[in-house]
Amino acid sequence: MNEPESVPDLVTLHVWRVPRAALPRVLVRMARDPRRLRALPGVRFGKLLGTGTGTGFGPGDADATRWAALTVWDSPAAVARFAGSPVGRAWSGIARADVRLDLRPLSSRGEWSGRRPFGEPAGGPVTGPVLALTRARLRPARALTFWRAVPPVAAALHTAPGLLARFGVGEAPLGWQGTVSVWRAPADLVAFAYRHPEHRAAITRTATERWYAEELFARFEVRDVIGDRTVLGWVDDTDPAKGGQA
């Protein structure tokens, strides 16, 4: 495993809702912008992502009207410049709604594209919402058993107490999958991750089935939610984070 990078002060998740008719423009952006995003001043790590409903994985779960960017920044000042950058302007010009989550890493294990972009966070007390990110590159020979194992966990997640939002993410339609879930409090996330029988069974099978060629699991404090949180599929009307805007 590679050496961890320093823990960033700020990670952002931008999510855009686009008209279905804009899909050709979106696909052009997905081809051009990954490298441009990583080249922006102040960006330490960046990924442009497709999204899904979170009920399964693969092309059938894809949401062609919602796209995202996960970015690790050097400083808040660098984030402030994103809206005026070529990448930010291009996506704003396509989107009919958008939202940005400002995140502080709490824990992280595993790698993403051979890197450990969130370092080794020390955690710390959190009283508000938290975001869980899972990301994996599937072993082709194990993909079918993985996809068969997803529906029970996805159904359990949908009804989990304290869940505020959830959706799938991926760098490619097949084999590069992940999930984003937002929880009202850390205790809600812990209760689902370690006490729910379907999820505990999936954790056990991850080790025995060797589904993943590469994996990363990270948790973040949600410091702010800026924009239209319905883009995330938000299911609660309370203030999602201190200082957040809706």
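A residue is called buried here when its relative accessible area is under 20%, exposed when that area is over 50%, and partly exposed in between. The structure to which this applies is a predicted model, and helix 1 is a convenient place to enter it.

The buried residues of helix 1 are Val 26, Arg 29, Met 30, Asp 33 and Leu 37, and they pack against strand 2, strand 3 and helix 3, the last of which covers residues 86-94. Helix 1 has 16 residues, which at 1.5 Å a residue should span 22 Å, and this agrees with its end C-alpha atoms, which are 22 Å apart. The helix nevertheless bends by about 45° at Arg 32, and a proline, Pro 34, follows within four residues.

Asp 33 deserves a closer look among these buried residues, and its place is in helix 1, which runs over residues 23-38. Because its relative accessibility is 0%, and buried means under 20%, Asp 33 counts as buried. Its side chain is joined to that of Arg 36 by a polar contact of 2.9 Å. When residues up to four places away in sequence are not counted, Asp 33 touches Leu 48, Val 87, Ala 90 and Trp 91.

From this one helix we can step back to the whole protein, which has six helices and eight strands. Read from the N terminus on, its elements follow the order β-α-β-β-α-α-β-β-α-β-β-α-α-β. Of the 246 residues in the protein, 51% are buried, and the accessible surface comes to about 11600 Å², with 55% of it belonging to carbon and sulfur atoms. Among the contacts with a separation of 6 or more, 75% are between residues 24 or more positions apart.

The interior can be followed through its nonpolar cores. The largest of them has 30 residues, and those with the most contacts inside it are Leu 13, Leu 101, Phe 118, Leu 131 and Leu 133. At least two residues of this core come from each of strand 1 (10-17), strand 2 (43-52), strand 3 (62-73), strand 4 (97-110), strand 5 (130-138), strand 6 (163-170), strand 7 (176-183) and strand 8 (212-227). Strand 8 gives the most, with five residues. Leu 13 shows how such a core residue is surrounded: leaving out residues up to four places away in sequence, Leu 13 touches Ala 68, Ala 69, Leu 70, Val 99, Arg 100, Leu 101, Leu 103, Leu 131, Phe 167 and Val 180. Apart from this core lies another, of 20 residues, among them Ala 22, Val 26, Leu 37 and Trp 67; Val 26 and Leu 37 have already appeared among the buried residues of helix 1.

The last stop is the loop between strand 4 and strand 5, where Gly 124 is found and where Ser 113 also lies. Gly 124 counts as partly exposed because its relative accessibility is 46%, and, leaving aside neighbours within four places in sequence, Gly 124 is in contact with Arg 104 and Leu 106. Gly 124 and Ser 107 are 17 residues apart in sequence, while their C-alpha atoms are 9.6 Å apart in space. Ser 113 is likewise partly exposed, with a relative accessible area of 38%. Most residues other than glycine have a negative phi. Phi of Ser 113, however, is near 55°, a positive value in a residue other than glycine.

Technical notes
Residues are numbered from 1 along each chain as its sequence is written. This is a predicted model: local features need pLDDT of at least 70, side-chain atom pairs count only at pLDDT 80 or more; totals for chains, interfaces and linings use all residues. Side-chain values use heavy atoms; hydrogens and water are left out. A nonpolar core is a set of buried Ala, Val, Leu, Ile, Met, Phe, Trp, Tyr and Cys residues joined through side-chain atoms within 4.5 Å. Buried means under 20% relative accessible area, exposed over 50%, partly exposed in between (1.4 Å probe, protein chains only). Contact means heavy atoms within 4.5 Å. A polar contact is a pair of N or O atoms within 3.5 Å; within protein, one must be able to donate a hydrogen and the other to accept it, and residues adjacent in sequence count only if both atoms are side-chain atoms. Accessible areas come from the Shrake-Rupley method with a 1.4 Å probe; for residues, only the protein chains shown count as cover. The expected span of a helix is 1.5 Å times one less than its number of residues. The bend at a residue is the angle between axes fitted to the seven residues ending there and the seven starting there.
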